[in-house]
Amino acid sequence: MMLELFAHPLSSYCWKVLIPLYENDTPFTYRMLDPEHPENGAEFARLWPIGKFPLLVDDGCPVMESSVIIEYLQRHHPGPVRFLPADDAALEVRMLDRIFDNHVMHPMQQVVADALRPPERRDPVGVEQAKAALRRSYAMLDGWLAGREWAAPGGFSLADCAAAPALFYADWVDPIPEALANLKAYRARLLARPSVARAVDEARPYRPYFPLGAPDRD
């Protein structure tokens, strides 16, 4: 059976898994999660009651959580691009994956979640705290990326799959300062990579759903 991916094109964590699928031209069936495909939503809920997408299904076996899905693909459906090294270098890649998920993606999503609330339930203090966390991460990553093409040595990796959607949307929520030239250039390199550009293009029709208003760029 072909791989199935339950996902939505606007979702940052879905991008994270779509990017490695596109990198290795891995065949899969896209099970769209939206009101127009209720049958996919019902199957998704049956397979993964937690309800967080994406979800990969391989011959009936569900695989949850984006980082685990990417490692699963490398082990069971490998291609020319390896997303995790075989040696201790994998520790740095995994560490960076967690930084992009926990310290870029998470505060970005806190700001987005606040914008989805009714005005009387919004938390301006929490939003400012999330943006301050983003700025700390930006500064750290700018230094980390000095002299690097990708997040970790050895080429495009799991860390970059995490970085692409995290930085894409984080820069919409709280723009990366011009002074952080390394980070801005890295984001541009990510967006120029064909697998990432494809994910960006597939999400374009859904930009009106971004609650803060998608900027007229990217």
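**Helix H2, the nonpolar cores and the H1–H4 contact**

In this predicted model, helix H2 spans residues 38-47 and has Asn 40, Phe 44 and Leu 47 as its buried residues. Viewed down the axis of H2, these buried residues fall within an arc of 65°, so they line one face of the helix. This arrangement fits a familiar rule: an α-helix has 3.6 residues a turn, so residues three or four places apart point the same way. On the other side of H2, Pro 38 and Arg 46 are exposed. The packing partners of the buried H2 residues are E1, strand E2 (28-32), strand E3 (55-58) and strand E4 (61-64).

Turning to the nonpolar cores, the largest comprises 64 residues, and Phe 100, Leu 167, Leu 183 and Tyr 186 have the most contacts inside it. At least two residues of this core come from each of several elements, including strand E1 (3-7), helix H1 (12-23) and helix H4 (89-116). The greatest contribution is that of H6, with 13 residues. Beyond its neighbours within four places in sequence, Leu 167 touches Phe 100, Val 104, Tyr 138, Ile 176, Leu 183, Tyr 186, Arg 187 and Leu 190. A second, separate core has seven residues, among them Leu 33, Phe 44, Leu 47 and Val 57.

Helices H1 and H4 also meet: their axes come within 11 Å and cross at roughly 150°. H1 contributes Ser 12, Tyr 13 and Lys 16 to this contact, while H4 contributes Asp 97, Arg 98, Asp 101, Met 105, Met 108 and Gln 109. Sorted by class, the residues in contact are three nonpolar, two polar and four charged.

Conventions
Residues numbered from 1 in each chain as written. Predicted model: local features only at pLDDT ≥ 70, side-chain atom pairs only at ≥ 80, totals over all residues. Heavy atoms only, no water. Core = buried A, V, L, I, M, F, W, Y, C linked by side-chain atoms within 4.5 Å. Buried < 20%, exposed > 50% of the residue type's maximum accessible area, 1.4 Å probe, protein only. Helix = DSSP H or I, 4+ residues; strand = E, 2+ residues; numbered from the N terminus. Contact = heavy atoms within 4.5 Å. Arc of directions from axis to C-beta. Axes fitted to C-alpha atoms, helices over the stretch in contact; angles between N-to-C directions. Nonpolar A, V, L, I, M, F, W, Y, C, P; charged D, E, K, R; others polar.
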